[in-house]
Amino acid sequence: MQTPHVPTAVSSPAASVEDLNPYHIARQQFDRAVAYLPKLKGGLIEFLKTPVRTITVSFPIELEDGTVRTFTGFRVLHSQIRGPGKGGIRYHPDVTVDEVQALAQWMTWKCALLDVPFGGAKGGVVCNPKQLGKSELRKITRRYIADLGSNIGPHTDIPAPDLYTDEQTMAWIYDTYHIMHPGENNLPVVTGKPLTIGGSLGRKEATARGCLFAVERYLEHGLVPSLNSLIGARVVIQGFGNAGGIAARLFQEQGAKIIGISDSQGAIHAPGGIAWEAAQQFKAQQGTVVGLPDTTTLTNEALLELDCDILIPAAMENQIHSQNAARIQARLICEAANGPTTTAADRILAERGIPVIPDILANAGGVTVSYFEWVQNIENEQWDLEEVNTKLRVKMRRGVDAVLDRWRLLNVGSDGTGAMTDADSSSATPTSASTPAQPVDLRTAALVVAIERVAEVTLRRGIWP
Ligand code: NAD
């Protein structure tokens, strides 16, 4: 039996009262959305929210000091209804099968929402990359991929980077798979590869750039009073890795002021703004952003509660929860991380009128450009950066518009207290008494769109046999 995943960053003892198991949260989110899809066939609901396959592998690795340690890895395939499974691999000591199942499910909805022809999958290895050398990480990667064997493949299940894995990890994955499947074009088996090994221009920045495009489009809709563009917007970012670090650069380039950033060591704050380049250089030298001159040091918890216009959680799950949601001062939250907001926090933020661009939309730029990389690999092509970014922008804006269209429709007749009238869409009326008594939030609207699309394809293909 799995113990609930409680990331260490949630230090408040009271937060542990809340169920922080990401798989439970993913299913709660699903149930909330399904209440707005009354025409969904009953028997399909359990199928749509359950992974089709969960693989656990255990393998020994000889470490650099000659000792042997056993590692455990997971690969979860949630859905292949709309295409091959797609999803990153994370290396982290807190990885659990429940977390990977939640992340796989979110991938299914993300791909459907962005209309990328993939299903959902995710992988993880329980390990602490900060305590492992490069050769140890290479051995772990090779053994994990070898043990997964043909359960991954260019047209079945395609990995990508996630927390503490990068393009080097993807290069090892490609190489291992290629050794096991010689004589084929295996480049599309994994995305997020180095440029010299079939990677796509723009993939490294894609998650952050997708966040940028999503926020820009959301602001264009005029839904945050007196904040119609990023110029002068005060931005706080939790996490300074691929998603968060690059978001700092891109948001700064568009005129925003980054007033707070953090990494696993702590957070820093400067109301006058933190230059992205300085933070990057400092982190490269010191291993953390904490201590950057002319900034005040904070905890990660305090960072989230800073007065700002846009808050971008870009690290881990469960960062905004029942115990701090009431203290969040941001006017807009953009979830670069997967699952940073708990179900209870969603409710509190909605009641307080703080919109959350949900993870399955906000961070979908990564998988979108992964899809572009996969297409380029199949066609033996390399698109230029402008083409990649233009296509990404179109997809992100369409995704935001689709979610906002549905959000408006679902909220027709909402009086702000949750009482819904018979609106002009049958799906505007929730079917379950458990539907939260409040206006429909963006996450629910996004899930309604995504679940509806996956359900439609399932039925169109026909239930086999
Ligand atoms: P990364 O390993 O590149 O960076 C993670 C960052 O978070 C690091 O700066 C680390 O110091 C920081 N961090 C770790 N634990 C923390 C904590 N407890 N508090 C504050 N900061 C902490 O990982 P990434 O690829 O940027 O992924 C970050 C999030 O974005 C994850 O939720 C991931 O699933 C999501 N995401 C990533 C991609 C992608 O393409 N890389 C795509 C979609 C979603």
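In this predicted model, the centres of domain 1 and domain 2, taken over C-alpha atoms, sit 24 Å apart. The domain assignment builds domain 1 from three stretches of the chain, 1-10, 204-409 and 429-442, while domain 2 is a single run, 52-187. Where the two meet, domain 1 puts in 29 residues and domain 2 puts in 33. Together they bury about 2400 Å², and carbon and sulfur atoms account for 64% of that area.

Now for the polar side of the interface. Just 1 salt bridge is counted between domain 1 and domain 2. A salt bridge also links the side chains of arginine 90 and glutamate 317, with an N to O distance of 2.7 Å. By residue number, arginine 90 falls in the 52-187 stretch of domain 2 and glutamate 317 in the 204-409 piece of domain 1, so this pair is the one that fits the 1 salt bridge under the side-chain nitrogen to carboxyl oxygen cut-off of 4 Å. Polar contacts across the interface come to 8 residue pairs, with both partners at pLDDT 80 or more.

As for what domain 1 brings to its side that touches domain 2, three helices each give two or more residues: helix 11 (359-362), helix 12 (365-379) and helix 13 (385-411). Helix 12 supplies the largest share, 7 residues. Sorted by class, this side of domain 1 holds 12 nonpolar and 13 polar residues, plus 4 charged ones.

Terms used. Residues are numbered from 1 along each chain as its sequence is written. This is a predicted model: local features need pLDDT of at least 70, side-chain atom pairs count only at pLDDT 80 or more; totals for chains, interfaces and linings use all residues. Side-chain values use heavy atoms; hydrogens and water are left out. Domain bounds come from an automatic or database domain assignment. Contact means heavy atoms within 4.5 Å. Buried area is the accessible area (1.4 Å probe) that two parts lose on being put together, summed over both. A polar contact is a pair of N or O atoms within 3.5 Å; within protein, one must be able to donate a hydrogen and the other to accept it, and residues adjacent in sequence count only if both atoms are side-chain atoms. Helices (H or I, at least four residues) and strands (E, at least two) are DSSP runs, numbered from the N terminus. Ala, Val, Leu, Ile, Met, Phe, Trp, Tyr, Cys and Pro count as nonpolar, Asp, Glu, Lys and Arg as charged, and the others, Gly among them, as polar.
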